[in-house]
Amino acid sequence: MRPIRLEIEGLQSFREKQIIDFETLTEHGLFGIFGETGSGKSTILDALTLALYGNVVRIKDTQEDKLIDLLNIGSEKMMVVYEFFIGEDRYLVERVFPKKKNKKELGQSKASFVVNGQIIADKVNEVNSCIGEIIGLSMDDFTRSVVLPQGKFSEFLKLTGKEKRDMLERVFGLEEYGKKLMKKLSEEKGEKEREVAALNNIILGKGDVTPEELQGKKEEFKKLRSRKEALVEKLEVFMKEYSEKEEIYKLLTEREDLSKEKTSLLSHKEEAEYNEEKIKKGEKSAQVRDFFSKLSKCEEDIKRCQDSLQNLEKEISDKENELKNLSDAVTNLENTEMDLIEEDRGILLDPDKYEAVNNGVHKGKVLLELNSELDQLTDKISGEENRLKLLEKEEKENETNLRKVDDELEALGNEDISLLEKLGNQIVVLTGERKEVELLDGDLKFLEKKLSESKERKSALEKALLLKEEELKKAREAKEGQMAWEIAKDLKDGEPCPVCGSKDHPHVAKTAEVSAEDKHIEGIEAEKKAIEQDLYRIDLAKISSELEDKKSQLNGRNLSDIDAEIERMKKKSEEIKIKNSEIKKQKDELTELKNKFSTEKSLLAEKNKNSQNLIKNLKDSDEDKMRKKNFIKAELDKTVPEYMSDEFWMEALNESLIEMKAMERDQLRIKKELADLRSEISIKGKLEKKLKEELHVIESRSSGIKGALREKKSQADLYRVESEEKMEIFGFVSKNEVEESFLENNEMETLKEWIKEYQDKCERNRISLNNLDKKIGGRIITKSQWEGLQNGKIELENQKKDLDGKIVLLEKSIGDMEKLLEEVGNLKKELGSKKKQFDLLEDLSKLFQGNAFVEYLAVTRLRSIVANAARRLTRITNGKYSLAIDESANFLVVDNFNGGERRRSSTLSGGETFLVSLSLALALSNQIQLKGRSQLEFFFLDEGFGTLDSSLLDRVITSLETLKNQEKLKVGIITHVEDIKERVPRKLEVYAAVPGERGSKIEMV
């Protein structure tokens, strides 16, 4: 075991969590834990044992103290976490001991055990079991040899008698040679005793078979075999004759069947001839129908050609009418085109004059519009300046409103969120506790019901077991009575009894009233065993323990108290929520008002800016329009000087412009109409050309169809003549007769297959009859003769079967007798072997009785430890002291400087006791193995250095340094002796708790 990390919280003087980094602390092998008396040094060892075993030495050894006394007065829980290596595996054990609310006692402890990052156990009992398996030492052994707290350092030295033997038995793993071995020997001896009794019963139940009886059976078997051989020879001669007669009888039977078949075939001859004639007529009809089919197809083609020709002639007529109408329309369009050209020539419009008039009218209109726009701009500028003054006044009022809202928000304050969150967390915790209590209540009810049902079932099973034992006893007595009767019924006066050997039989067993089969007894034993197994599975102690465990976890808590507390907190939470809601509502209203004023402020600022920009833009526009007005006025003065003084001139210009625009519109209309006409003439010309081409194609198709029609009519006449000729040749009078004689392909094939099958059957029948006549050769056997032969065969076979049955039964009887003789012989050999094994186990039980063997092994191992401790003690004391044991395995200190005088450990002074105990503890720790795993690899001691002078102290420290160099052992010293600090490379300072401020704290130096 290599320590990695230890966490302590709430244990004795350690109030706040303290963490010890053992990897750093033990890197040089030797380390020390220093501090004032009462600072909490020894509590570190208590934390180690508490983490591993869930207890500490000072509590375990007293009746008055409890774990609650170890809880720091200012803490609500004790927690220890210990992490360590064993070999390559990393282990972590954590234990938490919470304090019950308002009570001076601890609640249900919690524990977890982690191996290489995976949780292996999370219940206290499971964790304790895992630790016991991994460490391999009880807490007492651990504190006597590995971690030595105050008061335990010299305990191993002073142990005597049974306590020392029990500890050595656990430490050296000798349990399997002590009580376990005795238990195993007892079980084996009992098993062998039962096996010997069972074999005796089996041999007795097998009965007795003599070799003479077996020989008589074999002679009888030999006679039966001879009779069977004679019968088999007779049967072979008979079967030869039987086979010949059987063949003739089968041939005659087969010929009779073929004759019947021939008669049946002749009855279908007329039907066959009719079908042949029907097939011939159908084949002729098919040839004639072929010409009818061709003629019909030609007539259909002629009809299609005539219909197509009629459609094409109509289409040609329609196309010719359409072409004539199109030609007339083109002529009309060309006449309209000439009329429009003449109309365009009659319109006289001067372009230069039109442009001058148009320009003068346009500029005059612009000038009038500019005068109107300038008047409007002047009005707009005046109105916008008045609006700007109003906006500035509104901005000042908005600023005052915003300041007022800010003051009201500041006076309102904030909602109490933290208290609400705290209450919410408390409700969540209480709800979780309620669920836990509810589950525990359910578990309690279930376990109480289970305990009651288990008690009732156990009582019922115990009664059933008593009944089965009584039934088994009766069955065995009946079996013994039956076996006695089986032996007694064959006893004769003057002949020896096969059991006792006596020739006198005064009390012969009577007929057994009840027959007890072995299977029946085995069935009762199986039922008894099943009941015992059911009883074994009912663990009332475990259920009671679980029930107490659940009650302990419940710890007086009830649902009504928890519900009342939850309801109180919810009510308080609701009150805070209502208050917060009111504050929030007022804040939201003020915030909304503030946002409204802020928005208005932004809008007013934007409007102010826009108004200023608008005034500027209006003034700029006014200046631009004035410049434009002056420019246009100057232009008009040059071109039309009378305009400014004579309004009549402007009216004349307008009238001229209207006339010119009307002339311009007429010219544009004529141009558009001419373009549309010419486009339509072009389209109709193309359409006329296309119609002529289509007409040509249709006429060509009509000519082709007329030629095909003439050809089809000629072909139809030819097919009509040929079909009439075929009808005359094949003797058909009419087309209806041809159709009636026609056969479909499947019908034709069916008739042909029927005729072929009929002809094949006739031929096969003829050939088979000829062959059978040759085979029979005139031989005859009547039915009565054949039946006589069959009866003779059956009689001989029955005789053989009867003999075979007798031979099989006799052969089985002989085999059973031989097997029984062999089994009884083997059982007697096995019985002798079992008796020898039982005698050997009896001798071993006597030899190992009283734990003498365990004591011998323990003392042998102890001598090795004492030799190791003696070497250490001699080195520490410069050869003055050594260590030995007497015949009773008590420790003796050898004073080498006083003639080798031996003293008991009880006579040693305090310093001498420390040196001897240290040497012995180091030797013992060095020998301990973790049940086949790695060595412990560390050693703690917590007392004794104050009794040593400086010289001895120096030698002890030197010895400890040798340990860490030679044996790679991590050694920890807990002391307040200042001289040791200088010799220790790594130090852990423990500072005493400060009342009212903090608990003990540690610091690595």
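How many of the chain's residues, as a percentage, count as buried? I began my entries with this, keeping in mind that the model is a predicted one, and I noted that 35% of the 1005 residues count as buried.

**Overall make-up.** I looked up the secondary structure next and found 22 helices and 15 strands in the chain. I then turned to the contacts between residues at least 6 apart in sequence, and noted that 76% of them join residues at least 24 apart. For the surface, I recorded that the chain exposes about 62,700 Å², with carbon and sulfur atoms supplying 50% of that area.

**Nonpolar cores.** I looked up the largest nonpolar core, which has 52 residues, and wrote down Tyr82 and Phe113 as those with the most contacts inside it. Helix H2, residues 41-53, gives the most to this core, contributing 8 residues. I also noted a second, separate core of 42 residues, which includes Ala870, Leu915, Ala921 and Val984. Going back to Phe113, I listed its contacts beyond four places in sequence, among them Tyr91, Leu92, Val93, Ile119, Ile120, Val127 and Ile134.

**Glu7.** I checked this acidic residue in strand S1, residues 2-9, and asked myself whether Glu7 is buried or exposed. Glu7 counts as buried because its relative accessibility is 11%, which falls under the 20% limit. Leaving aside residues up to four places away in sequence, I found Glu7 touching Lys17, Gln18, Ile19, Met79, Val80 and Val81.

**Salt bridges.** I recorded 35 salt bridges in the structure, and I looked at three of them within helices.

- Glu191 pairs with Arg194, with the closest N and O atoms 3.0 Å apart; because the two are 3 residues apart in helix H8, residues 179-206, about one helical turn separates them. I noted Glu191 as partly exposed at 35% relative accessible area, whereas Arg194 is exposed at 51%.
- Lys468 pairs with Glu471, the closest N and O atoms being 3.2 Å apart, and both lie in helix H12, residues 417-488, at a spacing of 3 residues or about one turn. Here I found Lys468 buried, with a relative accessible area of 17%, while Glu471 counts as partly exposed at 31%.
- Glu757 pairs with Lys761 at 3.6 Å between the closest N and O atoms, and both lie in helix H18, residues 745-776, 4 residues apart. I recorded Glu757 as partly exposed at 43% and Lys761 as partly exposed at 31%.

Last, I noted that salt bridges sharing partners join Arg5, Glu7, Lys17, Glu83 and Arg90 into one network, so that the buried Glu7 appears in my entries a second time.

Technical notes. Residues numbered from 1 in each chain as written. Predicted model: local features only at pLDDT ≥ 70, side-chain atom pairs only at ≥ 80, totals over all residues. Heavy atoms only, no water. Core = buried A, V, L, I, M, F, W, Y, C linked by side-chain atoms within 4.5 Å. Buried < 20%, exposed > 50% of the residue type's maximum accessible area, 1.4 Å probe, protein only. Contact = heavy atoms within 4.5 Å. Areas by Shrake-Rupley, 256 points an atom, 1.4 Å probe, with all protein chains shown as cover. Salt bridge = Lys/Arg side-chain N within 4 Å of Asp/Glu carboxyl O.
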